[in-house]
Amino acid sequence: MSTPIDAKGKACPIPFMLAKAQIDAGATDFIVEVDNKAAVENLKRLAKSQAFSASVEVRDSTFRVAFLRSGEKQKSDNPAPQPVSNGQTTANYIVFIGDDTMGTGTHELGRNLVRMFLYTLDQGENLPSSVLLMNNGVKLAVDDEQCIGTFKSLQQKGVDVMVCGTCLNYYHIFDKLQTGTVGNMYEITQRFLAAGKVITV
Amino acid sequence: MNGELRTILTFQSTHHAIAAQDKLQYARIQFVVIPTPVEISSNCGIALSIASADAENARHMLMEPGTPKIDAILAEARILGGKLIVLLPSVDGE
């Protein structure tokens, strides 16, 4: 086993990229050291998608994530989620929510509008493949009871709700996330690029 | 929940709909903010969906004297197959 890769203090998606570079170079057994939970989650997901096992060891405030090849690598590096299997999705589109309100105006009206938008989306037949929450938008999955319920319902129908980890970290609400999958810019950008249409709220 | 009876509150103005949320929150009545169903009004507006079991309590809260009166119109609805189906709008309220 080679020297551990030191990714402490590195913001996402650097640890992810460093680990990915190792895998791409053919490494089958290596360790990445990081200092935050978001990075650990990202690394674990990377390991899974690349047919590696990842074991995590916590030492002081350092997380040592040990990668070990466990099987054959999947064909696609990190496939964007496939549209809902129950036939409810008819087009490949994603919804991007970059604020905790909808439109420009007062906060209370904007918050009501975004709740109603998500409610209507969830009631409809044509569901997006992903809903991406970024910047202030992540707060909807943290403290808005109605939106949290809607996100859970969408996820049950196969919609991938991805929440920006950097943003959760910045607003100090990482531990308060109620629903959704934490993602980094690497995964978020991939979803933008793979989408046929992006609806920005 | 499937088959669940809901009561839909619609309002004269969006400001009433927002004021009503504060009152319901204070009374610990759970609500869902929804677009006003077209069966009730063609006016695009904010409506609130509450459990029908809370309807009487909600009506009481909203009409309570001493606070600005909030005119709410109550309509019955039922959740069927995950969708909110509006039954006949009730005639009371306003």
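Of the 201 residues that make up chain A, 36% count as buried, and this figure, like everything below, comes from a predicted model rather than an experimental one. Chain A is built from seven helices and nine strands, and it shares an interface with chain B, where eight residues of chain B are in contact with nine residues of chain A. The predictor gives the complex an ipTM of 0.74 together with a pTM of 0.68.

**Chain A as a whole**

- Among the contacts in chain A that have a separation of 6 or more, 70% are accounted for by residues lying 24 or more positions apart in the sequence.

**A sheet in chain A**

- Four strands of chain A form an open sheet with mixed pairing, and their order across the sheet is β1-β2-β4-β3.
- The edge strands of this sheet are β1 (5–6) and β3 (52–59) of chain A, each of which pairs on one side only.
- The pairing between β1(A) and strand β2 (residues 29–34) of chain A runs in the parallel sense and extends over two bridges, and Ile5(A) stands opposite Val32(A), a residue of β2(A).
- As general background, the strands of a sheet pair through backbone hydrogen bonds, and this pairing may be either parallel or antiparallel.

**The largest nonpolar core**

- The largest nonpolar core has 63 residues, and the ones with the most contacts inside it are Leu43(A), Leu133(A), Val163(A) and Leu9(B).
- Helix α2 (residues 37–49) of chain A supplies the largest share of this core, namely five residues.
- Because domain 1 (5–69) and domain 2 (93–200) of chain A both give residues to this core, the core lies between them.
- Leu9(B), one of the residues with the most contacts inside the core, touches Ala20(B), Ala47(B), Leu48(B), Ile50(B), Ala58(B), Ala72(B) and Leu74(B), when residues up to four places away in sequence are not counted.
- In soluble globular proteins, nonpolar side chains tend to be buried together.

**Chain B and the side that touches chain A**

- Chain B has an average pLDDT of 83, and 84% of the residues score at least 70.
- Eight residues of chain B are in contact with chain A, and on this side of chain B at least two residues are supplied by each of α1 (14–26) and β2 (31–35) of chain B.
- The largest share of the side of chain B that touches chain A comes from β2(B), which gives four residues.
- Sorted by class, the side of chain B that touches chain A holds six nonpolar residues, one polar residue and one charged residue.

Methods: Residues are numbered from 1 along each chain as its sequence is written. Chains are lettered from A and ligands numbered from 1 in the order in which they are written. This is a predicted model: local features need pLDDT of at least 70, side-chain atom pairs count only at pLDDT 80 or more; totals for chains, interfaces and linings use all residues. A residue is buried if 20 or more other C-beta atoms lie within 10 Å of its own, exposed if 12 or fewer, and partly exposed in between; C-beta atoms are placed from the backbone. Two residues are in contact if their C-beta atoms, placed from the backbone, lie within 7 Å. Ala, Val, Leu, Ile, Met, Phe, Trp, Tyr, Cys and Pro count as nonpolar, Asp, Glu, Lys and Arg as charged, and the others, Gly among them, as polar. pLDDT is the predictor's confidence in each residue, from 0 to 100. A nonpolar core is a set of buried Ala, Val, Leu, Ile, Met, Phe, Trp, Tyr and Cys residues joined through C-beta atoms within 7 Å. Domain bounds come from an automatic or database domain assignment. Two strands pair if DSSP finds at least two bridges between them.
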